[in-house]
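The following note sets out points for a colleague who is reading this structure for the first time. Please keep the sequence and the model in view while going through them.

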Amino acid sequence: MLPKKKTDHSFHVAAAWFRMLLPSITLAVILWIAPGTSLAAPAEQRLEATQQKIDSAKNREGVLTKDIEAFGNQISALEGEVTDLRDQETAAEVRLAAEQDRLELAIVQLDRAVTRLRRERERLGRALADLRNRLVSMYMSGTTDEASLVFSSSDFGEMVAVRDYLEFIQTQSEDLAKRVRTIRNRARNNVESRRESKATIEAARDAISAEQARLELARQSLESRENDLVSNRADRKRLLDGVQNKIAEHEEIAGGIRAEIERSVASASAPTATSPSLTPSPAPSSSGLIWPVEGTFTSPFGSRWGSTHEGIDISAAEGTPIRAADSGTVILLQSEASSGGYGNYTCIDHGGGLSTCYAHQSAFNTTDGAAVDQGQVIGYVGNTGHSFGAHLHFEVRINGVATDPLGYL
């Protein structure tokens with residue numbers, strides 16, 4: 001059933017809070033009127049000691065939270081530096097690949113130059129051998145020198161022809177040898193140039209490779225520091241989880257002590273049968289819901305321990321009957337093993353998008369899919385699931401979204 005008047009929501013919340021605070025106001029009045037009474041002294045001492053533990057744990061929580069934040073900032077900074085080094089490594093890798101390509105081309109060109117030099121040397125060798133063969137031939141024919149060949153001619157015309165022939169042979173041989181020698185020298189210079197170019201490229205490649213190794217070493221060092229910080233942050237988070245669990249435990253204990261004090265005060269200050277209970281009588285509110293259990297309000301809806309407390313907690317003795325806040329159908333019935341911290345858990349659909357849920361029960365008194373009436377006992381107060389004392393965790397949901405139950409009670 002949906003709330004009858006949305007405009008009355010604030011009024012309902014205020015009224016519910018007043019009803020919740022009434023026992024505490026009564027306690028303060030009694031202690032002020034009779035400061036010498038020992039009615040709640042032991043519980044007050046335990047409450048003060050528990051509150052000191054809560055304060056100490058919260059201080060520790062603050063320190064750990066700051067440590068985690070600082071580690072996070074350092075990790076973010078290191079991640080930026082690691083990314084920058086990776087970019088530099090990538091750029092160096094590109095340059096190294098380019099130098100390697102240049103080196104491979106230089107090696108090919110050097111091989112070609114060496115091959116060409118080898119061929120020119122062979123040509124020079126052949127030219128020199130040809131010249132040598134000619135001289136040997138002249139010697140074997142008995143023509144030892146130019147003069148003897150000239151003067152052995154039968155007439156002047158033959159003498160001129162012989163002389164011209166010898167000069168032609170000599171000139172041609174010398175020119176051939178000179179040309180081959182020039183080509184050889186050029187090829188040799190080309191080989192030396194190619195070798196120098198190859199050595200220069202190799203030096204550049206080695207320098208880039210050394211730079212790449214330095215960048216990799218620096219990156220690995222930063223990543224090692226980052227891993228240490230991540231590990232330290234994880235340790236702090238585990239400690240923080242432990243501290244927050246302790247805070248939750250102490251808060252539950254403190255809630256139980258407050259409930260004990262309020263019950264004692266209520267019993268002392270209102271002994272008659274007509275005195276008001278710690279929770280309102282099971283009469284429907286203007287929204288149509290009744291309080292699901294008779295007990296003491298100990299924890300409100302809203303932010304708690306870094307997350308949202310999606311209901312209210314009502315402290316009561318284990319085994320206290322839990323009643324359906326309105327008529328409806330049981331749509332969820334989960335055991336402690338499957339509810340994820342809610343213990344024995346029941347949800348009832350009241351129609352119109354309104355549903356209510358009941359957690360930490362000691363036992364069920366209904367079944368999944370059962371139709372229940374308003375006020376019907378559906379279970380019993382317990383301490384199952386993530387709980388540190390017997391109480392009912394009660395939720396109101398509108399279209400599946402948790403809302404403050406005090407606005408509907």
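How many bridges join β6 to β7, and do these strands run parallel or antiparallel? The two strands are antiparallel, and five bridges join them. The points below start from the overall content of this predicted model and come back to that pairing.

1. Overall content. The protein contains four helices and 12 strands. It has 409 residues, of which 34% count as buried. The exposed surface comes to about 22,900 Å², and carbon and sulfur atoms supply 53% of it. Among contacts between residues at least 6 apart in sequence, 70% join residues at least 24 apart.

2. Strand pairing around β6. Strand β6 covers residues 328-334. Its five bridges to β7 include the position at which Val330 stands opposite Ile348. Strand β6 is also joined to β9 (residues 371-372), here by two bridges, and this pair is again antiparallel. The partner of Gly328 in β9 is Val372.

3. The disulfide. A search of the whole structure finds one disulfide. Cys347 and Cys357 form this link, with their sulfur atoms 2.2 Å apart. The angle about the S-S bond is 110°, and the link is right-handed. Cys347 belongs to strand β7 (residues 344-351) and Cys357 to strand β8 (residues 354-364), so the disulfide ties together parts that are 10 residues apart in sequence.

4. Burial of the two cysteines. Are Cys347 and Cys357 buried or exposed? Residues under 20% relative accessibility are classed as buried. Cys347 counts as buried because its value is 6%. Cys357, at 2%, counts as buried as well.

5. The stacked aromatic pair. The model holds two aromatic pairs. In one of them, the ring centres of Tyr342 and Tyr345 are 4.4 Å apart and the planes meet at 25°, so the pair is classed as stacked. Planes have to be under 30 degrees apart for that class. Tyr342 has 24% relative accessibility and therefore counts as partly exposed, whereas Tyr345, at 6%, counts as buried.

6. The tilted aromatic pair. Tyr358 and Phe394 form an aromatic pair with 5.3 Å between the centres and 50° between the planes, which is a tilted arrangement. Tyr358 is part of strand β8 and Phe394 part of strand β11 (residues 391-398), so this pair ties together parts that are 36 residues apart in sequence. Both of these residues are buried.

7. The largest nonpolar core. In soluble globular proteins, nonpolar side chains tend to be buried together. The largest nonpolar core of this model has 24 residues. The members that touch the most other members are Leu289, Trp291, Ile312, Ile348, Tyr358, Ile378 and Phe394. Two or more residues come from each of the elements β4 (312-315), β8, β10 (377-381) and β11. Strand β11 gives the largest share, three residues.

8. Surroundings of Phe394. Which residues does Phe394 touch, leaving aside those up to four places away in sequence? They are Pro292, Gly311, Ile312, Ala325, Thr356, Cys357, Tyr358, Pro405 and Leu409. This list includes Cys357, which is one of the two cysteines of the disulfide. It also includes Tyr358, the ring partner of Phe394 in the tilted pair.

9. A separate core. Apart from the largest core lies another, made up of 11 residues. Leu85, Ala92, Leu215 and Leu229 are among them.

10. Helix positions. Asp87 is found in helix α2 (residues 41-140) and, at 49% relative accessibility, counts as partly exposed. Its C-alpha atom is separated by 9.9 Å from that of Leu215, although the two residues are 128 apart along the chain. Leu215 itself is one of the members of the separate core. Arg195 lies in helix α4 (residues 156-269) and counts as partly exposed at 43% relative accessibility. Arg195 and Val114 are 81 residues apart in sequence, with 10.0 Å between their C-alpha atoms.

Terms used
Residues numbered from 1 in each chain as written. Predicted model: local features only at pLDDT ≥ 70, side-chain atom pairs only at ≥ 80, totals over all residues. Heavy atoms only, no water. Disulfide = S-S within 2.5 Å. Buried < 20%, exposed > 50% of the residue type's maximum accessible area, 1.4 Å probe, protein only. Phe/Tyr/Trp six-rings, centres within 6.5 Å; stacked < 30°, edge-to-face > 60°. Pairing = 2+ DSSP bridges. Contact = heavy atoms within 4.5 Å. Areas by Shrake-Rupley, 256 points an atom, 1.4 Å probe, with all protein chains shown as cover. Core = buried A, V, L, I, M, F, W, Y, C linked by side-chain atoms within 4.5 Å.
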